[in-house]
Amino acid sequence: MHLTREEEKMLEGERGWANQVSMKILVRLGELYGATRLIPVQSAHLSGVSYKHMGDASIDFLTALAEEGGKAQTLSTLNPSSFDPIYLTKRYHGERLEKQSLIIDLYTRMGINPTLTCTPYYLRKPKRGQHLGWAESSAVIYANSVLGAWTNREGSPSALAAALIGKTPDHGVHQAANRQPNVLVKVETSLKNEAEYGALGIHLGKMLKDKVPAFKGLQNPSDDDMKQLGAGMASSGMTALFYHKARREKEKMETISIENKDIKEAVSGLCTTAAASDLVFIGCPHCSLKEVKSVAGLLEGKKVRKGVELWVCASRHVRERAKNYVNIIERAGGHVLCDTCVLVTWIKDLGMQTLLTNSAKTAFYVPALNEVDVVLRPLGQCLETVCRK
Ligand code: F3S
């Protein structure tokens, strides 16, 4: 890789250990993928925040970086943590709270903004063509496909390194040649709701691996539908970019056809039980303002049943802007939680056995990561189930 003189100095340790470690990560990654240089990023988004997933080893590494003067060189944001500041903090024991706070403090000391959301694009929307260094696969695919920004799927270490150096290796979808669609997905049925968009994403992700699909036949998907579609593909596969509308069909392009039975099978394949749920979760990825509004609209004048909890997860930014809707949801007995989600916290320890959600991504991960059963249904059905008049 060609490095500038300043980059070489960092790599040799002349700009401190934190910069040296970060440069080593970026250069190693660049060499692995055949990058010839580093390019500046307009922002970095970091995963590796929840104590549930990170454990103690990460705390030592973050402490060393912070003590050695690691400082973000670009606008940097954080993924969700294991708690919201109000509701869940009361329900777990002290050590988990302390460790989680420490992780967030260490990032904050390094100048990383503790946004604690997987939808940083609602806080500050990247511009088309901007290069980013983002982790969190659902945010990456949304940034590339819906917003037109350019970012690879970074892991926790490489996104942190991108934040501290302000650069990323120039490979993958940072290069125009790698952003061309190479598989056509013909959707020969109409998708009825966000759960079906997400389930289609899970179904396709397994087949597509890291290919770039272009869709034909999607009928005016909303940004929130595409959020679910992308989150699904990025969960079961390595997709980082899709085109919701094929511009033109290239000859001999590999084609995948999707029929109604594929969607039905994908939805039922994501359900592990028919049992009643004790937790209903909306907000994976974190809700948009429009989604919080929809939840509130469906809950107006209703009450969450005894014995069931309703969690609606969103960023602080969206929660703040959605105050009136939040009031309606809370009056109905739901909880609008920020900074967290079910996957990064310990719902089984709260006595939850079965989760009902409208997110295919959650349904895909929750049986393994939370060891609870799951049912996937669209928002309207989730809320009908959780409410009584
Ligand atoms: Fe976000 Fe949690 Fe889903 S981090 S994408 S709400 S699993």
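**Helix H2, a parallel sheet and the ligand shell**

Helix H2 spans residues 17–32, and its 16 residues reach 22 Å from the first C-alpha to the last, close to the 22 Å expected at 1.5 Å a residue. This comes from a predicted model. A good part of H2 is tucked away from the surface: Ala18, Asn19, Gln20, Val21, Ser22, Met23, Leu26, Val27 and Gly30 are its buried residues. The cover over these residues includes three helices, H1 (5–11), H4 (57–67) and H8 (156–165), along with strands S1 (38–40) and S5 (167–169). After H2 comes Gly34, which has a positive phi, near 75 degrees.

Elsewhere, five strands make up an open sheet with parallel pairing, in the order S12-S11-S9-S13-S14. S12 (335–337) and S14 (373–376) sit at the edges, each pairing on one side only. On average, neighbouring strands of this sheet are turned by 25 degrees against each other, direction ignored. At the S14 edge, strand S13 (residues 354–357) pairs with S14 in the parallel sense over four bridges, and Leu356 has Val375 in S14 as its bridge partner. Helix H15 (residues 360–369) lies across S9, S13 and S14, and runs at about 165 degrees to S14.

Strand S9 (residues 279–287) also turns up at the ligand, where it gives the most to the surrounding shell, with three residues. The residues around the ligand are Pro80, Cys118, Glu136, Ser138, Gly283, Cys284, Pro285, Cys341, Leu343 and Lys361. Sorted by class, this shell comes out as six nonpolar, two polar and two charged residues.

Note on methods: Residues numbered from 1 in each chain as written. Predicted model: local features only at pLDDT ≥ 70, side-chain atom pairs only at ≥ 80, totals over all residues. Heavy atoms only, no water. Near = heavy atom within 4 Å. Helix = DSSP H or I, 4+ residues; strand = E, 2+ residues; numbered from the N terminus. Nonpolar A, V, L, I, M, F, W, Y, C, P; charged D, E, K, R; others polar. Expected span 1.5 Å × (residues − 1). Buried < 20%, exposed > 50% of the residue type's maximum accessible area, 1.4 Å probe, protein only. Contact = heavy atoms within 4.5 Å. Pairing = 2+ DSSP bridges. Axes fitted to C-alpha atoms, helices over the stretch in contact; angles between N-to-C directions.
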